[in-house]
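The exercises below ask you to read strand pairing, burial and helix packing from the coordinates, each followed by a worked solution.

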Amino acid sequence: MVDFAKLKNEKNKINIVDPVEIFRRSPKPVGMNDLYSSQKDILSKWFNSKDKSEHIIKLHTGGGKTLVGLLIAQSTINEGKGPVIYLTPNNQLVKQTIDKAKDIGVKTVEYHSGQVISEDFLNGRAVLVANYNSFFNGHSKFGTYASTIVPNVGLMIFDDAHAAIPTIRECFSININSKDETFSSQYQELCSLFRQDFKEVGKLGTFDEIVSGDENIVLEIPY
């Protein structure tokens, strides 16, 4: 028999988009009774300007930024704005984020390389949690110049964004030993492929200096 009361409760839950109210109605683990005042303030400010394309949120260490991010993610899902991606620097933080989400009843799915992306994520029913390497690479399922498997992402959350800079830089860098016999015959040809790109971003002088004779060079491809 259909449980109409349950269906009604689900409908009411989906309609809640205020992240502070989402938290108030969510299950909570022992020891978590309320949000910090700083969390409430940030969530209220985000909610009043949520239609802006970008937000930068800063909290001190231990200030509960993961909880803030998850409540914003759930708010976006409840509003029906499409799939939500939550990126963290490493797999350990992926696990911690998923555990925190379970504590407050936010549904998440973990990204696994080489596996089919979850339908719950694609249909906007769960937050996809992944590390930065999963997203920023030449074969990213989330979109490259050649293809895009995940369309119309409604929100992306970059947790510890400052920590992602080295990871992203590495993904767009090529390390070459100019004296390596494997590359010696094609060395100048390979470097010249990027000359125009460096010129367009105003780094041609740096590029020419690198090409002129360093034994170990790093080409940071403009992106």
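**Exercise 1: the strand β1**

Strand β1 is mostly covered, since five of its five residues are buried, where buried means under 20% relative accessible area, exposed over 50% and partly exposed in between, with a 1.4 Å probe and protein chains only. The model is a predicted one, in which local features need pLDDT of at least 70 and side-chain atom pairs count only at pLDDT 80 or more, while totals for chains, interfaces and linings use all residues. Residues are numbered from 1 along each chain as its sequence is written, and side-chain values use heavy atoms, with hydrogens and water left out.

Task: determine which residues point each way from β1.

Solution. Val 84, Tyr 86 and Thr 88 point one way, Ile 85 and Leu 87 point the other way, and all are buried.

**Exercise 2: the sheet**

Task: establish the order of the strands in the open sheet, and then explain why β2 and β4 each have one side without a neighbour.

Solution. Begin with the pairs, for which DSSP must find at least two bridges between two strands; strands are DSSP runs (E, at least two residues) and helices likewise (H or I, at least four), numbered from the N terminus. Strand β1 (residues 84-88) runs parallel to β4 and is joined to it by four bridges, with Leu 87 opposite Phe 158 in β4. Five bridges pair β1 with β3, again in the parallel sense, and here Val 84 stands opposite Val 127 in β3. The order of the four strands is β2-β3-β1-β4, with parallel pairing. Because β2 (108-110) and β4 (155-158) are at the edges with a single partner strand each, one side of each has no neighbour in the sheet.

**Exercise 3: the helix α8**

Task: identify the buried residues of helix α8 (residues 161-171) and say where they lie around its axis.

Solution. The buried residues of α8 are Ala 164, Thr 167 and Ile 168. They cover an arc of only 100° around the axis, so they lie on the same side of α8; the arc is that of the directions from the helix axis to the C-beta atoms. These buried residues pack against α7 (132-135), contact meaning heavy atoms within 4.5 Å. The face turned away from the buried side carries the exposed residues His 162, Pro 166 and Glu 170.
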